[in-house]
Amino acid sequence: MAALLLATQSWAAQVVGTVANLSGPLVAKKADGTAKVLAVKSSVEQGDILVAEKDTYARIKFIDDSEITLRPNTQLKIENFSFEADKPEKDSAAFDLVKGGLRAVTGTLGKRNKEKWGMNTPTATIGIRGTTFIAEYVAPDDAAVAAYGMASMAAMTPSGYTDVRSDMPAAVPLQVLPLRVAQVPGQPGGGGLAPGLYVQVIDGLINLSNRGGSLNFSAGQFGYTATLVQPPVVLPNNPGIKFSPPPTFNVNTGSQGGAGSSSGGSAVDCEVR
């Protein structure tokens with residue numbers, strides 16, 4: 001029993017990366033229920049829930065030379081991260097984006113075992129194909145839910161929000177409703193975005209999948225899915241995703257020990273307004 005307990009504690013405390021850049025408070029909620037305030041060069045462990053406070057951008061460098069930069073008001077859980085340079089068969093990376101947004105840059109693990117990297121969100125799972133992408137999840141607070149309902153009605157009627165009768169045909173097919181809703185301006189929460197998951201692919205390819213379907217997005221594309229049962233859709237332009245880390249975040253802080261990764265990966269900078 002003592003040996004099992006020791007092994008469990010060792011697994012939970014496995015270091016998987018470090019804080020490379022930080023612009024404000026960052027807290028790690030630990031698997032044992034404790035919390036720790038992190039600083040630059042602090043270790044990040046498997047099982048941590050990282051909480052970026054208001055005005056905080058935080059860049060995390062993982063042991064395979066991948067990185068994730070959190071935007072303000074974001075919570076990300078590191079469910080699992082297993083990487084050994086000479087044991088690709090043991091690769092595994094799983095994250096949960098609870099709320100907020102981030103930028104992810106693929107490292108060695110994601111390049112050699114793409115199918116073993118995944119990020120869950122409340123509305124879809126993000127899979128990668130060797131990439132750099134931005135994701136933002138807007139939680140459905142009461143005001144946003146009400147606005148979503150109004151926008152849905154507007155999208156389904158021929159001319160805005162009018163009386164909807166059961167015998168009135170929809171103005172647009174149901175499958176494009178999420179696209180219309182995502183483009184309705186002035187929604188509460190998330191800086192004007194309707195509730196749901198938004199993605200932007202900067203390089204490579206990602207896949208969004210949920211109960212409604214699956215769709216690939218390539219470099220330069222924006223995507224959206226409103227709920228777990230509505231299929232992902234391609235948006236024609238940026239719906240309002242904002243990601244503006246400090247300029248110092250593009251400074252290469254050096255390798256974390258991954259093998260075969262690109263030296264330019266950590267120098268990727270991005271400003272989306």
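In the predicted model, Lys29 is a residue of strand S2, and its relative accessible area of 40% places Lys29 in the partly exposed class, because that value lies between the limits of 20% and 50%. Leaving aside residues up to four places away in sequence, Lys29 makes contact with Thr34, Ala35, Gly47, Asp48, Ile49 and Val51. One of these partners, Gly47, is 18 residues from Lys29 along the chain, and the C-alpha atoms of the two residues are separated by 8.5 Å.

The residue that follows, Lys30, lies in the loop between strand S2 (26-29) and strand S3 (35-38). Lys30 is buried, with a relative accessible area of 16%, because this value falls under the 20% limit. The side chain of Lys30 meets that of Glu45 in a salt bridge, with an N to O distance of 3.3 Å. Since Glu45 belongs to strand S4 (residues 43-45) whereas Lys30 is a loop residue, the pair ties together parts of the chain that are 15 residues apart in sequence. The pairing extends to a third residue, in that Lys30, Glu45 and Asp48 are linked in a network of salt bridges; Asp48 is also among the residues that Lys29 touches.

Eight salt bridges are present in the structure, and side chains of opposite charge can pair in this way when their charged atoms come close. Another of the salt bridges is formed by the side chains of Glu67 and Arg103, at 3.7 Å from N to O. Here Glu67 is located in strand S7 (residues 67-70) and Arg103 in strand S9 (residues 92-105), so that the pair ties together parts that are 36 residues apart in sequence. Both Glu67 and Arg103 are buried. A further salt bridge joins Glu79 to Lys77, the closest N and O atoms being 3.6 Å apart. In this pair, Glu79 counts as partly exposed at 30% relative accessibility, and Lys77 likewise counts as partly exposed, at 26%.

Two aspartates stand out by their backbone geometry, given that most residues other than glycine have a negative phi. For Asp55, phi is positive and near 70°, and this residue is placed in the loop between strand S5 (49-52) and strand S6 (58-62). For Asp65, phi is also positive and near 70°, and the residue is found in the loop between S6 and S7. The accessibility of each aspartate can be stated separately: Asp55 is exposed, with a relative accessible area of 57%, whereas Asp65 is buried, with a relative accessible area of 8%.

A loop residue is also of interest farther along the chain, where Thr121 lies between strand S10 (117-120) and strand S11 (125-128). At 11% relative accessibility, Thr121 counts as buried, because the value is under 20%. A polar atom of the Thr121 side chain lies 2.7 Å from the backbone oxygen of Ala124. When residues up to four places away in sequence are not counted, Thr121 touches Leu97, Ile126 and Leu197, and of these contacts Ile126 falls within the range of S11.

Strand S11 pairs in the antiparallel sense with strand S14 (residues 205-210), over four bridges, and within this pairing the bridge partner of Gly127 in S14 is Asn207. Strand S14 in turn pairs with S15, again in the antiparallel sense, over six bridges, and a hairpin of two residues joins S14 to S15. Across this second pairing, Ile206 stands opposite Phe217 in S15.

Phe217, found in strand S15 (residues 213-218), is buried, with a relative accessible area of 0%. Apart from residues up to four places away in sequence, Phe217 touches Val201, Gly204, Leu205, Ile206, Leu208, Phe222, Gly223, Pro232, Val233 and Val234. Thus Ile206, which stands opposite Phe217, is also among the residues in contact with Phe217. Phe133 is 84 residues from Phe217 in sequence, and the two are 10.0 Å apart in space, C-alpha to C-alpha.

Terms used. Residues are numbered from 1 along each chain as its sequence is written. This is a predicted model: local features need pLDDT of at least 70, side-chain atom pairs count only at pLDDT 80 or more; totals for chains, interfaces and linings use all residues. Side-chain values use heavy atoms; hydrogens and water are left out. Buried means under 20% relative accessible area, exposed over 50%, partly exposed in between (1.4 Å probe, protein chains only). A polar contact is a pair of N or O atoms within 3.5 Å; within protein, one must be able to donate a hydrogen and the other to accept it, and residues adjacent in sequence count only if both atoms are side-chain atoms. Contact means heavy atoms within 4.5 Å. A salt bridge is a side-chain nitrogen of Lys or Arg within 4 Å of a carboxyl oxygen of Asp or Glu. Two strands pair if DSSP finds at least two bridges between them.
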